[in-house]
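Take a walk through this chain, strand by strand and then bridge by bridge. Keep the model open beside the text.

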Amino acid sequence: MAGSGERARHWQYAELPGVDLLRARYVRKTFVRHTHEHFVIAGVAEGVEVFHHGGGDVYVAAGSLALVNPDTPHTGRAGVPEGWRYGAVYPSPEVVAEIAAETTLLRGTPGFASPVLDDPCAVGLVHQVLRAADEGNALAADTLLRVAVTRLLRLNGGRLPAREVRTAGARTAARARAVLEERMAAPPTLERLAADLGTSPFSLLRSFRDTYGMPPHTWLTDARVRRAKRLLDAGTTPAEAAVAVGFTDQPHLNRHFSRIVGVPPGAYRRERNGDRKNVQDVRGRLLVPSEAWQNGRQPRTRTSQEQEQEQEQEQEQG
């Protein structure tokens, strides 16, 4: 893998509703424990990714896919010094359920049985979806996405178990989560929250971790980033979104957003507004355009507008 720059682009294609797209190369990038509302289908093209899933680390080498079901806590980091390069699609549960109902015999809520699948063919399909979206080829992007999801469900599909709140601890955790969602911008302390729910801080901490896979403060950061994403989707500025979800300022949002989503919120918002930008490294510099990166061409000289965007991104990075 030539070069050491980290590049990432996270975007949506209007002709693929309910699907997020990512193309990235990371070396030192570390994703903190987080969840996604959508499925993660990430095809590794070079290097190795490691992520913590289900109580242990799993390794995803070139030619394999990382497959994560919605609301499943996981992390992410490089498994080799040169890092990893991958492409990912994030279809919503509704999109996956529609495809499963049409093309498989799965019943109930469909999902992936194993978090890793060695399948170079499916990896290629994922990258073809990204290329088709880049080129504005709606027919190809939609077709290839459906073929990829169908293949993965047939090879590695299963029925997701329903998350039932049965124990007293799980019910308490669910009530705590509801409070944190409602009071996201000004949450109570663990002691106050536990007292309001009629339990002890340690008991609440244990039951929350058992139910949601992470302690309340980690879950809250994850939930804040999720809500910030929705605000950015609606056109809210990063500074306004930061305050609205309870972060102290925009740099605070930038740090957490980048460690969960993979790109800074400013870059994420610009893509959501349909303004195509170049692929970025972790320092906010504008590097090789995504098309050039895909095709191996040399980067062109930046324009004055791009230089202004670079300065803006450096400010976003704090």
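**A strand covered on both faces**

Strand 2 is covered on both of its faces: Val-19, Leu-21, Arg-23 and Arg-25 are buried on one side, and Asp-20, Leu-22, Ala-24 and Tyr-26 are buried on the other. In a regular strand, side chains alternate between the two faces of the sheet. Strand 2 spans residues 19-26, and eight of its eight residues are buried. Bear in mind that this is a predicted model.

What pairs with strand 2? Strand 1 runs antiparallel to strand 2, and six bridges join the two. Arg-7 stands opposite Arg-25 of strand 2. The hairpin of strand 1 and strand 2 has six residues between the strands. There, Gly-18 takes a positive phi near 80°. Strand 8, residues 84-91, also pairs with strand 2. This pairing is antiparallel and has eight bridges. Within strand 8, Tyr-90 is the bridge partner of Asp-20.

Now step back to the whole chain. The protein chain has 318 residues, and 51% of them are buried. Its secondary structure comprises 12 helices and 11 strands. Take the contacts between residues at least 6 apart in sequence: 71% of them join residues at least 24 apart. The exposed area is about 14800 Å², and carbon and sulfur atoms supply 49% of it.

Next, the charged pairs. The structure holds 13 salt bridges. One of them joins Glu-271 to Arg-9, with the closest N and O atoms 2.8 Å apart. This pair links distant parts of the chain: Glu-271 sits in helix 10 (residues 265-272), and Arg-9 sits in strand 1 (residues 7-12), 262 residues apart. Are the two residues buried or exposed? Both Glu-271 and Arg-9 are buried.

A second salt bridge pairs Arg-77 with Asp-57, the closest N and O atoms being 3.2 Å apart. Arg-77 belongs to strand 7 (residues 74-78) and Asp-57 to strand 5 (residues 56-61), 20 residues apart. Arg-77 has a relative accessibility of 32%, so this residue counts as partly exposed. Asp-57 has a relative accessible area of 37%, so Asp-57 is partly exposed too.

A third salt bridge joins Asp-71 and Arg-226, with the closest N and O atoms 2.8 Å apart. Which parts of the chain does this pair tie together? Asp-71 lies in the loop between strand 6 (64-68) and strand 7, and Arg-226 lies in helix 7 (residues 216-233), so the pair ties together parts that are 155 residues apart in sequence. Asp-71 is partly exposed because its relative accessible area is 36%. Arg-226 is buried because its relative accessible area is 15%. Salt bridges that share partners also build a network: Arg-9, Arg-23, Asp-134 and Glu-271 are joined into one.

That network leads to helix 2. Asp-134 is among the buried residues of this helix. The others are Ala-122, Val-123, Leu-125, Val-126, His-127, Val-129, Leu-130, Ala-132 and Ala-133. Helix 2 covers residues 120-135, with 16 residues. From its first C-alpha to its last, helix 2 reaches 23 Å, close to the 22 Å expected at 1.5 Å a residue. Just after helix 2 comes Gly-136, with a positive phi of about 75°.

Finally, return to strand 2. Arg-23 is one of its buried residues, and Arg-23 is also part of the network with Arg-9, Asp-134 and Glu-271.

Definitions and conventions. Residues are numbered from 1 along each chain as its sequence is written. This is a predicted model: local features need pLDDT of at least 70, side-chain atom pairs count only at pLDDT 80 or more; totals for chains, interfaces and linings use all residues. Side-chain values use heavy atoms; hydrogens and water are left out. Helices (H or I, at least four residues) and strands (E, at least two) are DSSP runs, numbered from the N terminus. Buried means under 20% relative accessible area, exposed over 50%, partly exposed in between (1.4 Å probe, protein chains only). Contact means heavy atoms within 4.5 Å. Accessible areas come from the Shrake-Rupley method with a 1.4 Å probe; for residues, only the protein chains shown count as cover. A salt bridge is a side-chain nitrogen of Lys or Arg within 4 Å of a carboxyl oxygen of Asp or Glu. The expected span of a helix is 1.5 Å times one less than its number of residues. Two strands pair if DSSP finds at least two bridges between them.
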